[in-house]
Amino acid sequence: MPLDIIIGAQWGDEGKGRITDLLAAQADIVARYSGGDNAGHTVTVAGEIFKLHLIPSGIIHEGVTCLIGNGVVVNPAVLLKEIDALTARGVDVTPSRLKLSRNAHLITPAHIALDAASEQARGKAAIGTTKRGIGPAYTDKTARVGLRAGLLADEAYLIEALRTHIQAKNELLTRIYGVEPVAETAVITQYIEYARRLSPYLVDSSVFLDNALRNGRTILAEGAQGTFLDLDHGTYPFVTSSNPIAGGALTGLGIGPKHVRHVIGVTKAFTSRVGSGPFPTELEGEPALRLRGTGANPWDEYGTTTGRPRRVGWLDLVMLQHAIRVNGLTELVLTKLDILSGLSEIPVCTAYEYKGQQLKHYPSDLRILADCQPVYTVLPGWQEEITQAREWADLPENARQYILFVAKTAEIPVTMASVGPGRQQIVTLSPAITRH
Ligand code: GDP
Ligand code: IMO
Ligand code: MG
């Protein structure tokens with residue numbers, strides 16, 4: 001009967017997909033509640049790599065049903081491509097296993113064109129979006145002119161809604177941005193085809209989940225993006241256009257808070273960010289390359305969705321405290337601990353200094369944040385490779401001390417440390433180890 005929520009505690013790409021896949025073994029339903037195909041979640045099983053953008057990371061477990069919730073914005077072309085790619089790899093992605101909320105919103109080529117045009121118009125102030133049409137689709141949702149997935153079940157209604165939508169967006173594209181309009185007839189033809197294929201997946205997702213909870217099923221909500229990309233609680237305006245935090249899981253799925261059991265924050269053992277915006281512990285040059293990798297390994301820090309090199313820096317516990325608070329985290333999972341092997345020292349940011357004062361809380365004013373200097377506690381590193389570690393005792397003493405330092409400073413249990421992308425590469429910690 002419970003709902004567990006997995007969220008990203010940083011700027012996305014923390015390894016949510018990898019942890020969702022792991023925890024999905026004990027879940028009946030895995031549900032995405034926010035974002036769209038701006039997300040790129042990597043799951044590695046027996047050396048096989050799956051990159052998921054819209055389909056929940058529970059899909060690799062045969063017994064798990066997956067749901068794309070009402071809070072998600074869905075590009076039907078991407079969803080169908082993903083369904084086809086998984087099917088070709090032998091994964092069952094039929095409507096018995098995958099459900100799409102009627103109240104999820106659709107992304108169209110007009111949204112994508114507007115995303116590109118508005119980024120272009122921003123010039124140096126560009127957000128560095130994934131250009132997947134996410135912002136414009138959520139803008140339409142809040143402006144109450146969005147296209148809901150339920151339209152896919154009614155061809156005449158869909159055609160009419162698309163026509164109105166494209167005509168309005170083409171006005172914007174041509175008159176405001178001075179760019180090419182999208183081709184109305186071609187888009188309508190495409191969407192009729194998408195509708196034929198996707199309408200069997202549609203459900204009333206809140207009712208579907210409520211029935212599951214009443215029947216004693218366990219639901220795992222898979223967050224996309226991360227706390228600092230949250231529209232309300234992130235580094236606004238350098239954020240996405242939805243609420244990736246735990247609260248977003250409730251509105252994005254249509255479930256009340258009484259069902260929530262665990263709220264699991266996934267954080268890298270360091271920090272990464274794609275796109276523009278502040279990043280207090282960011283590193284440049286050689287030290288950055290050391291954390292980012294050259295791109296030779298699949299887990300190196302290059303975007304799953306866009307291929308852009310990710311910005312990287314040290315772990316920031318001021319950020320983590322903010323994530324713990326706004327999400328109501330019950331525990332933390334630390335990923336990519338293996339990447340820190342071989343460093344002689346590992347700085348961790350424990351406070352910000354601003355105009356001679358130490359700040360206790362992550363400032364929401366970006367002008368203040370820009371003037372904050374990270375205050376570091378430097379921890380001793382470890383030289384051993386840890387990718388084979390499976391138990392607490394397998395970890396070098398300094399790796400254990402690193403985990404304990406995070407748990408103690410953040411005052412939250414760390415329940416798992418990931419030491420590689422593979423499903424088995426996890427050290428599960430008994431609560432007694434890191435409880436404070
Ligand atoms: P998500 O968006 O939060 O699901 O994360 P991404 O999949 O975009 O990025 C995380 C990357 O790190 C992926 O390539 C994962 O396979 C990889 N990964 C996850 N956990 C670990 C880990 O503990 N160690 C290593 N080396 N790679 C990991
Ligand atoms: P996952 O789920 C990392 C970032 C973009 C940009 C900002 C706004 O894989 O962790 P958008 O296209 O959403 O309007 O872009 O948000 N962004 C992500 N960064 N991981 C993600 O998802 C992201 N989704 C969006 O890079 O800075
Ligand atoms: Mg990602």
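**Figure 1. Glu411 in the loop between helix H12 and strand S18 of the predicted model.** Glu411 counts as exposed, because its relative accessibility is 66%. The loop that holds Glu411 runs between helix H12 (397–410) and strand S18 (414–418). Glu411 is not a glycine, yet has a positive phi of about 55°. Most residues other than glycine have a negative phi.

**Figure 2. Gln225 and the cis peptide bond at Pro237, in the loop between S10 and H8.** Gln225 is not a glycine and has a positive phi of about 55°. With a relative accessible area of 6%, Gln225 is buried, because the cut-off for buried is under 20%. Pro237 also has its place between strand S10 (219–222) and helix H8 (246–253). The peptide bond that joins Tyr236 and Pro237 is cis, with omega at about 5°. Most peptide bonds are trans.

**Figure 3. The surroundings of ligand 1.** Ligand 1 is surrounded by 22 residues, and Gly15, Lys16, Thr42, Asp338 and Ser418 are the closest. Thr42 places a polar side-chain atom 2.7 Å from an oxygen atom of ligand 1. Backbone atoms also take part: a polar one of Gly40 is 2.8 Å from an oxygen atom of ligand 1, and an N or O atom of the Lys336 backbone lies 2.9 Å from an oxygen atom of ligand 1.

**Figure 4. The surroundings of ligand 2.** Around ligand 2 there are 21 residues, of which Asp13, Lys16, His41, Thr130 and Thr240 come nearest. A side-chain N or O atom of Lys16 is 2.7 Å from an oxygen atom of ligand 2. Polar backbone atoms are found 3.1 Å from an oxygen atom of ligand 2 at Val274 and 3.5 Å from an oxygen atom of ligand 2 at Gly128.

**Figure 5. Helix H1, mostly covered.** Helix H1 spans residues 16–23, and eight of its eight residues are buried. Among them are the charged-name positions Lys16, Arg18 and Asp21, together with Gly17, Ile19 and Leu22. Lys16 of this helix is listed among the closest residues to ligand 1 and among the nearest to ligand 2.

**Figure 6. The largest nonpolar core, with Leu340.** This core has 73 residues, and those touching the most other members are Ile5, Leu337, Leu340, Leu395, Tyr402 and Ile403. Domain 1 (3–100 + 202–264) and domain 3 (267–434) both contribute residues, so the core lies between them. Another core lies apart from it, with 60 residues that include Val74, Leu158, Leu173 and Ile192. Beyond its neighbours within four places in sequence, Leu340 contacts Ala269, Phe270, Arg290, Leu291, Ile346, Trp382 and Tyr402.

**Figure 7. Val260 in strand S11.** Strand S11 covers residues 260–268 and contains Val260. Val260 counts as partly exposed because its relative accessibility is 27%. Not counting residues up to four places away in sequence, Val260 touches Leu3, Ile5 and Leu250. Leu250 is 10 residues from Val260 in sequence, and their C-alpha atoms are 9.1 Å apart.

**Figure 8. Domain 2 and domain 3, with model confidence.** The domain assignment places domain 2 at 105–198 and domain 3 at 267–434. Their C-alpha centres lie 37 Å apart, and six residues of domain 2 are in contact with five residues of domain 3. The chain averages a pLDDT of 96, and 99% of the residues score at least 70. Confidence is lowest in helix H13 (residues 431–434), at a mean of 78, and highest in strand S6 (residues 73–74), at 99.

Definitions and conventions
Residues are numbered from 1 along each chain as its sequence is written. Chains are lettered from A and ligands numbered from 1 in the order in which they are written. This is a predicted model: local features need pLDDT of at least 70, side-chain atom pairs count only at pLDDT 80 or more; totals for chains, interfaces and linings use all residues. Side-chain values use heavy atoms; hydrogens and water are left out. pLDDT is the predictor's confidence in each residue, from 0 to 100. Helices (H or I, at least four residues) and strands (E, at least two) are DSSP runs, numbered from the N terminus. A nonpolar core is a set of buried Ala, Val, Leu, Ile, Met, Phe, Trp, Tyr and Cys residues joined through side-chain atoms within 4.5 Å. Buried means under 20% relative accessible area, exposed over 50%, partly exposed in between (1.4 Å probe, protein chains only). Domain bounds come from an automatic or database domain assignment. Contact means heavy atoms within 4.5 Å. A residue is near a molecule or strand if one of its heavy atoms lies within 4 Å of it. A polar contact is a pair of N or O atoms within 3.5 Å; within protein, one must be able to donate a hydrogen and the other to accept it, and residues adjacent in sequence count only if both atoms are side-chain atoms.
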